[in-house]
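I opened the notebook for a new fold today. My plan is to look up the aromatic rings, then the strands, then the totals.

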Amino acid sequence: VSGYQLLPSALGAGTAVTPDAGGGAYGSYAALTTGVSSPIYLLGYAISTATLRSRTYVIVNFATGAASEVSIATFRIPIVAADRGDGTSNFAFGDTYWLSPSIYIPASTRIAVRVAQNAAAADTFNVSIMYVNQSEVAHV
């Protein structure tokens, strides 16, 4: 039994993704994994950045497949800018979001992520997902 797990599984901040530098558009997909070894349930995700500047939202899009990704979930995260005390609203951001219901991902499936934001800047976001193996879920 392995319980809740992370992708990417290596220690670190997550997979780095960058929105379109012009603002209001997605950047390219980045692979969280090239293929899960067994069926899983996507339970949630974490996202962070060190430089958020004056954003009002970030959109996170998860997809499966390679080369021609198919979107499986999209989430809009509202951002409330706050003065850091130095007269700027350039602050770090990080949070975890749990999904209910979870999202089923078949074995050998590539999982990718991309992000968009409303402002013109190519900030880097770090994204990871939390999951559990299907074999560890009791069906009622």
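Which residues do ring pairs link into a cluster? I found Tyr45, Phe62, Phe75 and Tyr97.

**Ground rules.** I am working on a predicted model, where local features need pLDDT of at least 70, side-chain atom pairs count only at pLDDT 80 or more, and totals for chains, interfaces and linings use all residues. Residues are numbered from 1 along each chain as its sequence is written, and side-chain values use heavy atoms, with hydrogens and water left out.

**Rings.** I searched the whole structure and got six aromatic pairs. Rings of Phe, Tyr and Trp (its six-membered ring) pair if their centres lie within 6.5 Å; planes under 30 degrees apart count as stacked, over 60 as edge-to-face and the rest as tilted. I then took up Tyr45 and Tyr97: their ring centres are 5.2 Å apart and their planes are at 25°, so I logged the pair as stacked. Tyr45 lies in strand 4 and Tyr97 in strand 7 (residues 93-105), 52 residues apart, and the pair links distant parts of the chain.

Next I checked their cover. Buried means under 20% relative accessible area, exposed over 50%, and partly exposed in between (1.4 Å probe, protein chains only). Tyr45 is buried at 2%. Tyr97 is partly exposed at 23%.

I also noted a charge over a ring (NZ of Lys or CZ of Arg within 6 Å of the ring centre and within 35 degrees of the ring normal). The charged end of Arg114 sits over Tyr26, 4.0 Å from the ring centre.

**Strands.** I counted zero helices and nine strands. Helices (H or I, at least four residues) and strands (E, at least two) are DSSP runs, numbered from the N terminus. Along the sequence I read β-β-β-β-β-β-β-β-β.

Which strands form the open sheet, and in what order? I read 3-8-5-6, with antiparallel pairing. Two strands pair if DSSP finds at least two bridges between them. Strand 3 (30-33) and strand 6 (70-78) stand at the edges with a single partner strand each, so one side of each has no neighbour in the sheet. At the strand 3 edge, three bridges join strand 3 to strand 8 (residues 111-117). Ala30 has Val113 as its bridge partner there.

**Strand 9.** Which strands are joined to strand 9 by bridges? I traced strand 1 (residues 5-7) with three bridges, strand 2 (residues 15-17) with three, and strand 4 (residues 40-49) with eight. Each of these runs antiparallel to strand 9. For strand 1, Gln5 has Tyr131 as its bridge partner. For strand 2, Ala16 stands opposite Asn126. For strand 4, Ile47 stands opposite Val127.

I then looked at the cover of strand 9 (residues 125-133): nine of its nine residues are buried. In a regular strand the side chains alternate between the two faces of the sheet. Here both faces are covered, with Phe125 and Val127 among the buried residues on one side and Asn126 and Ser128 among those on the other.

**Totals.** Buried residues make up 40% of the 140 residues. For contacts (heavy atoms within 4.5 Å), I took those with a separation of 6 or more: residues 24 or more positions apart account for 79% of them. The protein exposes about 7,100 Å² (Shrake-Rupley method, 1.4 Å probe). Carbon and sulfur atoms supply 54% of that area.
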